[in-house]
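Trainee: I would like to learn how to read a model like this one. Where do we begin?

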Amino acid sequence: MDATQKIDIPRSDFIGGSKGLLIGGKWRPSASGKEFDTVNPATGEVIARLAEGDKTDIDEAVAAARRAFEGEWSRWTPYDRQRLLLRVHDVIEKNFDELALLETLDMGAPLSRTKALKTFVSQAILFYASQTRAATTESAPTSFAGQFTALKIKAPVGVVGGIIPWNAPLVSQWWILGPTLATGCTAVLKPAEDASLTALRVAELLLEAGVPDGVVNVVTGFGTGAGAALAAHPDVDRVAFTGSTETGRKIVEASAGNMKRVQLELGGKSPDIVFADADLDIAVPGAAMAVYGNSGQICTAGTRLLVQRSIQDEFVSKLQEFSQTLRVGNGLDPLVNLGPLVSRKQLDRVLEYIDIGAREGASLTSGGKRLAGDLEAGYFVEPTIFAGVNNDMRIAREEIFGPVVSVIPFDDADDAIRIANDTTYGLAGGIWTQSLSTAHQMSQRIKAGTIWVNCYGALDPGVGFGGYKMSGYGWKGGPEHVNGFLYEKVVYMNIG
Ligand code: ADP
């Protein structure tokens, strides 16, 4: 605890007590009156009670969002919305230390990491503020010049249902809030049951910044209750979902009732490929943190670490050395690199996969255990390396979402591509090489939405990202993302 005492820990009065739902600008308990606990995964302590929203609350939130969409908000100009987003930016930035603390206490990521998200969130809000003129009216060339003229109009899609995951809610919520506010849509957010606090606190701050009542509504609760009701709701025009592929499939099925527009960012099993000519001084820590960052709870994590056979032994031993320098512990400690897993359920899942890997014959060369002693009340797992992994093993095929890396040897570029693309996912991939030609060739051939060369995890909200195959569809970030919040229509005018 010495280190904990030294860090400047921000304060928050938001911790503790019962949190309500935000519907139509008012905070209130769930219609059923039910609540559930939310727990700090570093200590197992209950840090607040959340309202357990269900279908009734979703119905009311969607009705409030619809009223707001049709009301005064629809007359806000792009200039008004841009000014609003700039006010939102300033309020969020001013309160970011508190938000970082809430995120750390709620889902476990180290405070050093959650505080560092400030730049990304600021960039995201400013990017969306720059997009408020995306709802355009443009004339389109026709074959009947002089007789007909055509106008193409883009208009906000309407009520958006945003289903948020627990692994980085502070970031995830902006993929919905940003384009919603930029385009003049309205939203109902359903944060993850394991980590809802920052979405609730951000909602308070949005009201403070002047977001009109009903434009953003928040219904906490479980996936099977509030989440499923939102995905199926006949008056929701678009659903944005980030989470597991399994849940993504349910969302698509539920959306079919009214043919909602759907955007999905799902799981991954991303290949991170280290060639023998790589600069190992950057490749080793880079590839390690590509998996261990956020304790492996990142959908783009480079969990299949493909290492060219000629450097395999040297690489694995350097990877082990680096892994052992990482400190796992309570994220309030400034020296901690890896926090706990988000929940008991996630801990059990990760430990089960470690067991499966060992039983499948992979060689456990580092880590593999839950941490005991001072940390036994939390959900901590050591950084874990499996070497000699075969791409057919379950630990190479299924998303673990923990600090577990599978090292898979390859012979040459063709072999690496064969293994890299032999997956049902296609979210991201990494390449470590000093050859420009290898970097270009591999970037073209890996079937994934984002490729990183000699780096891993860089993300710009103005550029965005998406997935191939079962990693989902619909671009997140960038102008294409904003377009997804707009309907297009055409107007023909007879001017003859
Ligand atoms: P995990 O299993 O790791 O919690 P999920 O993909 O199930 O990941 O969760 C991501 C988000 O999806 C959470 O907000 C969760 O409540 C929500 N969710 C889970 N199941 C459903 C469902 N059937 N319909 C809609 N949302 C769901």
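**Salt bridges, core and ligand site**

Mentor: We begin with a charged pair. Arg418 and Asp415 form a salt bridge, with their closest N and O atoms 2.7 Å apart. Keep in mind that this is a predicted model.

Trainee: What is the general idea behind such a pair?

Mentor: Side chains of opposite charge can pair when their charged atoms come close. Here both partners, Arg418 and Asp415, sit in helix H15 (residues 413-421). They are three residues apart, about one turn of the helix.

Trainee: Is Arg418 buried or exposed? And is Asp415 buried or exposed?

Mentor: Arg418 is exposed, because its relative accessible area is 52% and the cut-off for exposed is over 50%. Asp415 has 14% relative accessibility, so it counts as buried. The cut-off for buried is under 20%.

Trainee: Which residues are joined into one network by salt bridges that share partners?

Mentor: Arg66, Glu70, Asp235 and Asp237. Take one pair from that set. Asp237 and Arg66 form a salt bridge, and their closest N and O atoms are 2.8 Å apart. This pair links distant parts of the chain, 171 residues apart. Asp237 is in the loop between helix H9 (223-232) and strand S11 (238-242). Arg66 is in helix H2 (residues 55-70). Both Asp237 and Arg66 are buried.

Trainee: How many salt bridges does the count come to?

Mentor: The count comes to 24 salt bridges. Another of them joins the side chains of Glu35 and Arg49, at 3.0 Å from N to O. Glu35 belongs to strand S4 (residues 35-39) and Arg49 to strand S5 (residues 46-51), so this pair ties together parts that are 14 residues apart in sequence.

Trainee: What is the relative accessible area of Glu35, and what is that of Arg49?

Mentor: Glu35 has 30%, so it is partly exposed. Arg49 has 32% and is also partly exposed.

Trainee: What about the loop between S4 and S5? Where does Asn40 fit?

Mentor: Asn40 has its place in that loop. Asn40 counts as buried, because its relative accessibility is 6%. Set aside its neighbours within four places in sequence, and Asn40 is in contact with Glu45, Ile47 and Leu105.

Trainee: Now the nonpolar side. Which residues touch the most other members of the largest nonpolar core?

Mentor: The core has 62 residues. Val88, Ile92, Phe96, Trp174, Leu181, Leu206 and Val211 touch the most other members. Helix H5 (residues 111-129) gives the largest share of this core, nine residues.

Trainee: What does Phe96 touch?

Mentor: Leave out residues up to four places away in sequence. Phe96 then touches Thr114, Lys115, Leu117, Lys118, Val121 and Leu170. There is also a second, separate core of 30 residues, which includes Ala387, Val407, Ala428 and Trp432.

Trainee: Last feature: the ligand. Which residues are the closest to the ligand?

Mentor: Start with the shell, then look at atom pairs. The ligand is surrounded by 18 residues, and the closest are Ile164, Lys190, Glu193, Ser244 and Thr247.

Trainee: And the atom pairs?

Mentor: Take three distances, each from an oxygen atom of the ligand. A polar backbone atom of Ile164 is 2.8 Å from a ligand oxygen. For Lys190, an N or O atom in the side chain is 2.7 Å from a ligand oxygen. For Ser244, a polar backbone atom is 2.7 Å from a ligand oxygen.

Trainee: How much of the ligand's accessible area does the protein cover?

Mentor: On its own, the ligand has 550 Å² of accessible area, and the protein covers 84% of that.

Methods
Residues numbered from 1 in each chain as written. Predicted model: local features only at pLDDT ≥ 70, side-chain atom pairs only at ≥ 80, totals over all residues. Heavy atoms only, no water. Core = buried A, V, L, I, M, F, W, Y, C linked by side-chain atoms within 4.5 Å. Buried < 20%, exposed > 50% of the residue type's maximum accessible area, 1.4 Å probe, protein only. Helix = DSSP H or I, 4+ residues; strand = E, 2+ residues; numbered from the N terminus. Contact = heavy atoms within 4.5 Å. Salt bridge = Lys/Arg side-chain N within 4 Å of Asp/Glu carboxyl O. Near = heavy atom within 4 Å. Polar contact = N/O pair within 3.5 Å; in protein donor to acceptor, adjacent residues only side chain to side chain. Areas by Shrake-Rupley, 256 points an atom, 1.4 Å probe, with all protein chains shown as cover.
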